[in-house]
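Q: Please choose a single helix in this model and take me closely through its buried side and its surroundings.

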Amino acid sequence: LLILQVVCSVLLVDGLRDLREVEIPSGEHASGRSYVIGDFFGGMSEALFTLFQILTLESWCMGVVRPISYHAPWTLLVFA
């Protein structure tokens, strides 16, 4: 499972490189803070933590998957 998580992290960090500065609206998050995609997938540590968050089903749909898949629809293949 860890190997799969690392492989997906590498794919997402590399694939989302051009979208790192795209802002995700604050309405998508309970904290009200605005995020950019780089906050979730800017590097390996962020990507591993975000995938762990998705794996444990902690605010994965509205907070991570939907906003990112809006800008990069191919990511749904990774998250599905």
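**A close look at H4 and its neighbour H3**

A: The buried residues of H4 pack against strand E1 (23–24), H2, H3 and helix H5 (75–79). Here helices are DSSP runs (H or I) of at least four residues and strands (E) of at least two, numbered from the N terminus, and packing or touching means heavy atoms within 4.5 Å. This is a predicted model, where local features need pLDDT of at least 70 and side-chain atom pairs pLDDT 80 or more, while totals for chains, interfaces and linings use all residues. Residues count from 1 along each chain, and side-chain values use heavy atoms, without hydrogens or water.

On H4, the buried set (under 20% relative accessible area, 1.4 Å probe, protein chains only) is Gly63, Val64, Val65, Pro67, Ile68 and Ser69. Val64 is touched by Thr50, which also meets Phe40 and Phe41, leaving aside residues up to four places away in sequence. Thr50 sits in helix H3 (residues 44–55) and is buried, at 2% relative accessible area. A polar atom of its side chain lies 2.8 Å from the backbone oxygen of Glu46.

Ile68 belongs to the largest nonpolar core, a group of 17 residues in which Leu16, Phe40, Phe41, Leu51, Ile68 and Phe79 have the most contacts. Helix H1 (2–15), helix H2 (37–41), H3 and helix H4 (61–71) each give two or more residues to this core. Such a core joins buried Ala, Val, Leu, Ile, Met, Phe, Trp, Tyr and Cys through side-chain atoms within 4.5 Å. Beyond four places in sequence, Leu51 touches Gln5, Cys8, Ser9, Leu12, Phe41 and Phe79. Phe52, also in H3, is partly exposed (between 20% and 50%), with a relative accessible area of 45%.

Conventions. A polar contact is a pair of N or O atoms within 3.5 Å; within protein, one must be able to donate a hydrogen and the other to accept it, and residues adjacent in sequence count only if both atoms are side-chain atoms.
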